[in-house]
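Me: I have a model open and would like to go through its helices, strands and core by question and answer.

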Amino acid sequence: MAESEVPLISIKPYLEGDAEGSKKVIEQIKFAGEKVGFMMICDHGVPQDIIDENWKATRAYFDLPREKKMEVPMSKDYMYGYSGFEDETLAAGIGMDRGADLKESFALGPPGEDRGVPPRKRYTGLDEFQNASDRYYNAIVDLADKLLEIFALAMNLDKDWFKNKTDKHASALRALNYPALTEVPKPGTLRASEHTDYGTVTILLQENAPGGLQVLNKGGTWQDVQTPPGAFVVNIGDLFQRWTNDLWKSTMHRVVLPPEDLAAQARRQSIAFFQNINADAIVECIPTCLKEGESPKYPPISAGEHLLMKHTASTKSMREAQV
């Protein structure tokens, strides 16, 4: 497996309890986590009808008038809800100066009121969309839990090591719409500017439309990521890299513009699940990730503090509210 490639990994042996097959899955994911920071997974067990239902409902949601979508807006005090076209610049989170990202989004937070984040706000009259999103969210939570089991085993930990750190998780589901472009964008503008993800692990469903996902490989080259049917893109987040003392990699990525001759027809949709551990969990170097003679590179931090700091840096509406 080359370090410059995003590998495709079937996790079916692990899900089915195949001992020998599970060893191979763990080895493949360990290599991808440490050397690439990205992987694609298939045979993941998420029902296709739940995926299809949510994809269709999400497309219909983004076709609604802006006024309706703005009934549940993202704000300084609510990091979920609707974020409008050009309301965010992801590159700002890593200190880069770029034009606003050419996308709109809707984020759904965790259920319940004991997660250290605001409770969910609901639209009136959009039950089909909200119910489909809820079902998809729950299915991807289960998948994220399985991935963390594999991660734990890859780091010589008990498979349930992360369990008490995610029982009140603050994970977010974020649907993104990259509209077709009818005007020439400003120089340097991207659909989603260069960034790393903030949390532990991201699980992305995407369509292979023109103007898609690129990953910065170890050679410094931007690499297109095209997913086979039924596969998810999975990548390591900043918090997990910090947790592993930089052993596992949170890799830079972006969503580029479509070719100019296709821009007017190149609408693109994706749905990202950002797995965030319990907001009050203290993240400090995992013991098995500390090599002999090394010291932890980072001081302890609460997961909630880390997430808010990263989110605030990249979100226009929140920055303006603090001026």
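The turns below concern a predicted model.

Me: What span does helix α2 reach from its first C-alpha to its last, in Å?
Reply: Helix α2 covers residues 19-36, which makes 18 residues. At 1.5 Å a residue the expected value is 26 Å. The span in the model is close to that, at 25 Å.

Me: Which residue has the backbone nitrogen that a side-chain oxygen of Asp18 reaches at the start of α2?
Reply: Asp18 offers a side-chain oxygen at the start of α2. That oxygen comes to within 3.2 Å of a backbone nitrogen. The nitrogen belongs to Glu20.

Me: Which residue follows α2, and what is the sign of its phi?
Reply: The residue that follows α2 is Gly37. Its phi is near 85°, and the sign is positive.

Me: Which residues does Ile29 touch, leaving out those up to four places away in sequence?
Reply: Ile29 is among the buried residues of α2. What covers the buried residues of α2 includes β1, β2 and α5. In the largest nonpolar core, which has 70 residues, Ile29, Phe151 and Phe232 touch the most other members. With the nearby positions left out, Ile29 touches Ile9, Ile11, Met39, Leu147, Ile150, Phe151 and Trp248.

Me: How many residues does the second, separate core have?
Reply: Val6, Leu176, Tyr178 and Val215 are included in this second core. It is separate, and its number of residues is 14.

Me: Are the residues of β7 that point either way from the strand buried or exposed?
Reply: Val201, Ile203 and Leu205 point one way from β7. Thr202, Leu204 and Gln206 point the other way. Six of the six residues of β7 count as covered, and on both sides they are buried.

Me: Which residue in β12 does Ile203 stand opposite?
Reply: β7 is joined to β10 by four antiparallel bridges, and there Leu204 has Val233 as its bridge partner. β7 also pairs with β12 (residues 268-275) in the antiparallel sense, over six bridges. In β12, Ile203 stands opposite Phe273.

Me: Why is one side of β6 and of β9 left without a neighbour in the sheet?
Reply: The open sheet of four strands runs in the order β6-β11-β8-β9, with antiparallel pairing. β6 (192-195) and β9 (222-224) stand at its edges, so one side of each has no neighbour in the sheet. Each of them has a single partner strand.

Me: What is the bridge partner of Gln214 in β11?
Reply: Strands β8 and β11 run antiparallel and are joined by three bridges. Within β11, Gln214 has as its bridge partner Arg254.

Note on methods
Residues numbered from 1 in each chain as written. Predicted model: local features only at pLDDT ≥ 70, side-chain atom pairs only at ≥ 80, totals over all residues. Heavy atoms only, no water. Helix = DSSP H or I, 4+ residues; strand = E, 2+ residues; numbered from the N terminus. Expected span 1.5 Å × (residues − 1). Buried < 20%, exposed > 50% of the residue type's maximum accessible area, 1.4 Å probe, protein only. Contact = heavy atoms within 4.5 Å. Polar contact = N/O pair within 3.5 Å; in protein donor to acceptor, adjacent residues only side chain to side chain. Pairing = 2+ DSSP bridges. Core = buried A, V, L, I, M, F, W, Y, C linked by side-chain atoms within 4.5 Å.
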